[in-house]
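Let's take a quick tour of a protein fold. Keep the picture in view and look for each part as it comes up.

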Amino acid sequence: MVPSRRAEDPEPAALARNDRYLRDFVEALNLCPFAKRCREEGRLVRRVILDDYVLPALLRAAAEVETLPEKQCEVALFLVPGFTDGAAAFLELCAEVRRPLRHFHCVAFHPGLKADFSSENRAVQFLRRAPDPTLQLVRIATLERVRGERSGGTVYVPNPAAKDLHLPPSLSEEIARANLATILEHGPATLERLLQSFTAPQGDR
């Protein structure tokens, strides 16, 4: 008798997929120069949301993160591996979580986001194809400090559209150009295969 395969624990599995996405994609391609520092200094907070009622759980997690000082949390990631309603529905969920936030910007990452390279701002969605539906909260004060200290190079933020992150147009445009250049340099097909390698099979999510 062949023993059945033991179901993978969803929380550590989701964190492992996110580890690969952060280290082998975001950090390896230098998409975010301060991502590694944030992680290594313990200012990255991650939560895996497994509740049946996703929105209340996300709102509770966001409220908790809002109370943390900057030295404990510059970026928070809320992973929702069981969310199966698609990218459009997850973007709507993101808007609901974003509404009460005071200290953080919030953007959605999702494996089903479009791959559209027709413009710099549209291409950024491709870089937000995280293995699991994920909300990223970035502290406003951290972004302001990075912007003030920045003397050169490129700073990656999850969505460079000024309407989402309140960045000055010049910086927003520069970030978008850098993102698209990275995609084209490595090749969309190569990066898509890499991103797909992080994503759990549909039956395991």
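Helices here are DSSP runs of H or I with at least four residues, numbered from the N terminus. With that in mind, Arg37 is found in helix H2. Bear in mind that this is a predicted model. The chain has 9 helices and 4 strands, and 45% of its 205 residues are buried.

**The overall layout**

- Starting at the N terminus, the elements follow the order α-α-β-α-β-α-β-α-β-α-α-α-α.
- Take the contacts in the chain with a separation of 6 or more: 69% of them are between residues 24 or more positions apart.
- The accessible surface of the chain is about 10,700 Å², and carbon and sulfur atoms own 51% of that surface.

**The sheet**

- In general, the strands of a sheet pair through backbone hydrogen bonds, and they can do so in parallel or antiparallel fashion.
- Here you'll find an open sheet of 4 strands, in the order E1-E2-E4-E3, and the pairing is mixed.
- Strand E1 (44–48) and strand E3 (104–109) sit at the edges, each pairing on one side only.
- On average, neighbouring strands of this sheet are turned by 15° against each other, direction ignored.
- How many bridges join E1 to strand E2? There are 5, and the two strands run parallel, with E2 covering residues 75–79.
- To see that pairing up close, find Val48, which stands opposite Leu79 in E2.
- E3 and E4 pair too, but in the antiparallel sense, over 6 bridges.
- Phe109 is a handy marker there, as it stands opposite Thr134 in E4.

**A closer look at strand E3**

- E3 is largely enclosed by the rest of the structure, because 6 of its 6 residues are buried.
- In a regular strand, side chains alternate between the two faces of the sheet.
- You can trace this in E3: Phe104, Cys106 and Ala108 point one way, while His105, Val107 and Phe109 point the other way.

**Helices packed around the sheet**

- Helix H1 (residues 10–27) lies across E1, E2 and E3, and runs at about 140° to E1.
- H3 has 13 residues, so at 1.5 Å a residue it should span 18 Å; its end C-alpha atoms are 18 Å apart, which agrees.
- Several residues of H3 are buried, namely Val54, Ala57, Leu58, Ala61, Ala62, Val65 and Glu66.
- What covers those buried residues of H3 includes E1, E2, helix H4 (87–98), E3 and E4.

**Salt bridges**

- Side chains of opposite charge can pair when their charged atoms come close.
- The count for this model comes to 12 salt bridges.
- One of them brings together the side chains of Arg39 and Glu27, at 2.9 Å from N to O. Arg39 lies in helix H2 (residues 35–40) and Glu27 in helix H1, so the pair ties together parts that are 12 residues apart in sequence.
- Are these two partners buried or exposed? Arg39 is partly exposed, with a relative accessible area of 23%, whereas Glu27 is buried at 17%.
- Arg43 forms a salt bridge with Glu74, and their closest N and O atoms are 3.1 Å apart. Arg43 lies in the loop between H2 and E1, and Glu74 in the loop between helix H3 (54–66) and E2, so this pair ties together parts that are 31 residues apart in sequence.
- Glu74 is buried, with a relative accessible area of 0%, while Arg43 is partly exposed at 23%.
- Glu192 and Arg129 also meet through their side chains, at 3.1 Å from N to O. Glu192 lies in helix H9 (residues 188–198) and Arg129 in the loop between helix H5 (120–127) and strand E4 (134–139), so the pair ties together parts that are 63 residues apart in sequence.
- Glu192 is partly exposed at 28% relative accessible area, and Arg129 is buried at 14%.

**Back to Arg37**

- Which residues share a network of salt bridges with Arg37? They are Glu41, Arg43 and Glu74.
- Leaving out residues up to four places away in sequence, Arg37 touches Glu74 and Arg145.
- Arg37 counts as partly exposed, because its relative accessibility is 28%, and partly exposed runs between the under 20% of buried and the over 50% of exposed.

Technical notes
Residues are numbered from 1 along each chain as its sequence is written. This is a predicted model: local features need pLDDT of at least 70, side-chain atom pairs count only at pLDDT 80 or more; totals for chains, interfaces and linings use all residues. Side-chain values use heavy atoms; hydrogens and water are left out. Two strands pair if DSSP finds at least two bridges between them. Axes are lines fitted to C-alpha atoms, for helices over the stretch in contact, and angles run from 0 to 180 degrees between N-to-C directions. Contact means heavy atoms within 4.5 Å. A salt bridge is a side-chain nitrogen of Lys or Arg within 4 Å of a carboxyl oxygen of Asp or Glu. Buried means under 20% relative accessible area, exposed over 50%, partly exposed in between (1.4 Å probe, protein chains only). Accessible areas come from the Shrake-Rupley method with a 1.4 Å probe; for residues, only the protein chains shown count as cover. The expected span of a helix is 1.5 Å times one less than its number of residues.
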